[in-house]
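Colleague: Please take a close look at one helix pair in this model. How do the two helices lie against each other, and what makes up the contact?

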Amino acid sequence: MSVSSNCNGSDSKCSLSRLAPLEAVLFDIDGTLCDSDPLHYYAFREMLQEIGFNGGVPIDEQFFIDNIAGRHNEDICHILFPEWDLAKSLKFTDDKEAMFRRLAKEKLKPVNGLHKLCKWIQERGFKRAAVTNAPRANAELMVSILGLSDFFELIIIGGECEHAKPFPDPYLKALQVLKASPDHTIIFEDSVSGIKAGVAAGVPVVGITTRNPENILMEAKPTFLIKDYEDPKLWEALDRATQKTEVV
């Protein structure tokens, strides 16, 4: 289904009511379940500085947002190291992911209201999956740290699909495996890449402004944006999306 052109960041009434009966909820992981971008940024900044990237000048957060956040590692390799062969650049990103996992074990925290939303989803028996461009080792570790290993029915990895986000393949695969209709599913995403993937899969996307600027996220055409999972705009929209389900 297509997202209404009337949808914008301040209007939740374009909301999710037409999804009733809601049957599935899909989540990105990085920046969506947890505020992990600062850990990724730190790891990239430190390791890039070690190899003298950008003349040894540390990357800033804007560089991270523009070139790294939300992207698949192979795409990041082409952006950061166009002159390197792929094996060498992937070794760099593998080492960076290992550093991220070490940091995550100590510092990873859920986005505000996440467990409240997950409990709400579980109580209603909705199908659910995590869909991410993160490597599987990262994805499974983050889900485990957040206490959601039993919550998700499956984890779809972009790199294990024909194309990762921003292509729709990972979300289409999740819909297929869950046997869920895009007309009765919502996606939570925090990046331009992820929102584009969800929209291309024909699913309404709720964007979460964990780190990325609202104006940038809106360019990817989410249904609407929320600050976190305590946002009243989200709960208004979810109420509309389930009213018909609960009356029937």
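Modeller: Helix 4 and helix 6 run roughly parallel to each other, because their packing angle is about 5° and angles under 35 degrees count as roughly parallel. This is a predicted model. Helix 4 spans residues 86-107, and helix 6 spans residues 136-145. Their axes lie 10 Å apart.

Now the contact itself. Helix 4 brings Glu97, Phe100, Arg101, Ala104 and Lys105. Helix 6 answers with Ala137, Asn138, Leu141, Met142 and Ile145. By class, the contact residues divide into 6 nonpolar, 1 polar and 3 charged. Glu97, Arg101 and Lys105 of helix 4 are the charged ones. Asn138 of helix 6 is the polar one.

How far to trust the chain? Its mean pLDDT is 91, and 92% of the residues reach 70 or more. Residues 1-14 are another matter: there the pLDDT is below 50. That stretch still has 34 contacts in the model beyond near neighbours in sequence.

For context, look at the largest pocket too. It holds about 250 Å³ of space. Its lining counts 13 residues, with Ile65, Ala69, Arg71, Val192 and Ser193 nearest the centre. Helix 2 (61-67) and helix 8 (192-200) are the elements that give two or more residues to this lining. Helix 8 gives the most, with 3 residues. The pocket lining divides into 5 nonpolar, 3 polar and 5 charged residues.

Conventions:
Residues numbered from 1 in each chain as written. Predicted model: local features only at pLDDT ≥ 70, side-chain atom pairs only at ≥ 80, totals over all residues. Heavy atoms only, no water. 1 Å grid on protein atoms, 1.4 Å probe; cavity = no way out; pocket = protein on both sides within 12 Å on 5 of 7 lines; lining within 4 Å. Points joined across faces, edges and corners; volume = space filled by probe spheres on them. Helix = DSSP H or I, 4+ residues; strand = E, 2+ residues; numbered from the N terminus. pLDDT = per-residue confidence, 0-100. Contact = heavy atoms within 4.5 Å. Axes fitted to C-alpha atoms, helices over the stretch in contact; angles between N-to-C directions. Parallel < 35°, antiparallel > 145°, perpendicular 65-115°, else oblique.
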